[in-house]
Amino acid sequence: MSAQEQNPTVPSRTAPEAAEWDAGNGYEAVAPHWFYCKVTGGRERWLPFSIQDSERLEEAHGAGKDKGDVVVPTSGGRYDVHLKQRQRLAVFWEEEASEVRRCTWFYKGDKDNKYVPYSESFSQELEEAYMIAVTLDEWKKKLESPSREVIILHNPKLMVHYHPVATSDDWGSTPTEQGRPRTVKRGVENIAAEIPNGEPLQIDHLVFVVHGIGPACDIRFRSIVQCVNDFRSVSLSMLQAHFRKAQEQQQIGRVEFLPVNWHSSLHSTGVDVDLERITLPSISRLRHFINDTILDAFFYNSSTYCQTILDTVASEMNRLYLLFLQRNPDFKGGVSIAGHSLGSLILFDLLTNQKAAPEDEHSREESKETSSSRGAEEVKEILKKLDLSEYCPAFEKEKIDGEALLLCGEKNLEEMGIPLGPRMKLLHYISSRREMQDTREHSTARQHSTAASRDSPYPDISLGQVSANYPQLLYKPAIFFAFGSPIGMFLTVRGVKRINPDYSLPTCKGFFNIFHPFDPVAYRIEPMIVPDLEFEPMLLPHHKGRKRMHLELKEGLTRMSVDLKNNLLGSLRVAWQSFTRAPLAAVEGTSSEGEAETEASTEKQPDPKPEEAPAPAKDDPSLINVGKLNGGNRIDYVLQEKPIESFNEYLFALQGHLCYWESEDTVLLVLKEIYQTIGVTLDQPLPGSQ
């Protein structure tokens, strides 16, 4: 019997009695909070929406009860919640749908002691039973859950949930209260859940993040989506810590980071089946790991699969860009790109092959007018050449010129009413023209590169790149960030030993090469631009505003050892000289002492030079001219290793290559450089920053 059946009515009371009763035992409706279920490794975890998202969902839930499916954007617009289906769907990437609940009652789970919400229908039953118990002050109420588990409301502070020991059978045995009880809580404020505050609605900048080899991007084998989620979370905390003034003055909102996945598209081409056929059966796990990760670097150096990777990365970034603008029509910020490991090389090759548009708007309008009139005549000539002049009106009606004709496919021609025979003629002509155009572009590009290499001592930056058709991006990136990047190594292997100091990426003016000192995959860029000058990379300042303690200690000990060595050598030299000259005659004492002083003085003069030698390196390292690749600013930035990492650099080499997603120092540099483009600076400049 449910609690409603046991206590169907509540006795009426007079007004004074009711007021006194409410003051002592007043019932207040529970405040609901919305949760979603995240499944990882077969385990379910119920996570709360942010306060903003939960309020938005509750408002839509109350307003849309009589309507159809209501869609509410959550998590900064990256997920949509369909209220009718109670599902949470990713917007920008593929992900399994998550269950969504409007939660009021919770019980403590067995495995990780996390609170799990009851279903919405059973939570409503619990709430009604609780209301009756509070109103009538009658406790010890028993309720049976849909899974035949018993919940007992002892008092407002003690409510327990019992597992059934016996299940229903032919003899009619019922669940008992024996077994380990689980705590039941009412309201999200009583379960100590970490509810996020939410994200600022205003988006100032968009960053696309491209992963490296393999499907896993960090030491915990997580996907690019999960790693970028961490990167975004760190950026929100860094904004609150270092851009508080700008946030309080509402000058800035946040930076959005979106992942770009190309690994799944590459391995869906059937290449995995071909590899499986030729893979040896021994050490199967290692061979599978190599096929799934390390071979991606070899795939990129194959013209066939390189084209697949380039097309996937460029088309995915263009798709995400258009979808983002569609969902954020008021967005006026810039776009940057970031790549990790092999992903940075893919982006670098794409950026070096972007075509800058030097013509201004006036010349562009003139070219449009002349090309439109010229294009119509060109289509007529093409159709006349193919004996298809009778279809000219169809092309004129659709305003198709010569350029648009080359973009037409079979479906487009069929929609225009072109019969099969003429359609096949046109498709054959279009494919032949495309092939001629591609070969012409490749030959002219080679001619330009060879001519440039003859005239200049610097080889073309695209020397040795895989022969492919490099797609164009729909935007001009403001900054390119490379994390743990092998760009320098690949350029050297391709034959590019030096980079022209006057070279800059055609459509991107900023380039930062960020790496951990123990990262085995990372290489520098600046020595390829300034090979005759030895200098260290820029040391990334710690996000808390100082150098790590163990690095300061190491530098201090190094300075002390150098000073001690110089002083000790100087004193030993003087003692040795005085000892070797001691047996001389007393008559020659004055002259010998003078000579000893002069010799000692001449020998002591070079001594300070070793101490003064490091002086140029102590000058401001940001003033070193490293060309125009980053607008005249420094390119190479090295992170500070953690104290435990300094004990054994080989042990932490792999961790060094995968540390960037949760590195506050990396995120802070990215935010600092992005917001400098719109004139917003840190609250307090970090020491050692450029």
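# Why these words fit this structure

Q: In what sense do strand 7 and strand 8 pair, and over how many bridges?
A: Strand 7 (residues 105-108) and strand 8 run antiparallel and share three bridges. Two strands pair if DSSP finds at least two bridges between them, so three bridges are enough here. Lys108 is one residue you can look up: Tyr115 in strand 8 stands opposite.

Q: How do you know where a strand or helix starts, and what sort of model is this?
A: Helices (H or I, at least four residues) and strands (E, at least two) are DSSP runs, numbered from the N terminus. This is a predicted model, in which local features need pLDDT of at least 70 and side-chain atom pairs count only at pLDDT 80 or more, while totals for chains, interfaces and linings use all residues. Residues are numbered from 1 along each chain as its sequence is written, and side-chain values use heavy atoms, leaving out hydrogens and water.

Q: Which strands are called the edge strands in the sheet ordered 8-7-12-11-10-9?
A: This open sheet has six strands with antiparallel pairing. Strand 8 (115-117) and strand 9 (141-144) are the edge strands, as each pairs on one side only. From one strand to the next, the twist averages 30 degrees.

Q: Why is one side of strand 2 and of strand 3 left without a neighbour in the sheet?
A: Take the open antiparallel sheet of six strands in the order 2-1-6-5-4-3. Strand 2 (43-48) and strand 3 (71-74) stand at its edges and each has a single partner strand, so there is no neighbour on the other side. Inside this sheet, strand 5 (residues 87-90) and strand 6 (residues 98-103) run antiparallel and are joined by two bridges. Across from Arg88 you will find Ser98 of strand 6.

Q: What makes helix 11 and helix 17 oblique to each other?
A: Helix 11 (residues 342-352) and helix 17 (residues 487-494) pack at about 60 degrees, with axes 9 Å apart. Axes are lines fitted to C-alpha atoms, for helices over the stretch in contact, and angles run from 0 to 180 degrees between N-to-C directions. Angles under 35 degrees count as roughly parallel, over 145 as roughly antiparallel, 65 to 115 as roughly perpendicular and the rest as oblique. The helix pair therefore falls into the oblique class.

Q: Which residues make the contact of helix 11 with helix 17?
A: Helix 11 brings Ser344, Leu345, Phe348 and Asp349, and helix 17 brings Ile487, Phe490, Leu491 and Arg494. Contact here means heavy atoms within 4.5 Å.

Q: How do you know that Cys217 is in no disulfide?
A: A disulfide is a pair of cysteine sulfur atoms within 2.5 Å. For Cys217, the nearest cysteine sulfur belongs to Cys227 and is 4.9 Å away. The whole structure holds zero disulfides.

Q: Why does Cys217 count as it does, buried or exposed?
A: Buried means under 20% relative accessible area, exposed over 50%, and partly exposed in between (1.4 Å probe, protein chains only). Cys217 has 3% relative accessibility, so Cys217 is buried. Cys306, at 0%, is buried too.

Q: What makes strand 15 largely enclosed by the rest of the structure?
A: Strand 15 (residues 334-340) has seven residues and six of them are buried, so the description fits. Six bridges link strand 15 with strand 13 (residues 203-210), running parallel. Four bridges link strand 15 with strand 16 (residues 479-483), also parallel. His340, for instance, has Phe483 of strand 16 as its bridge partner.
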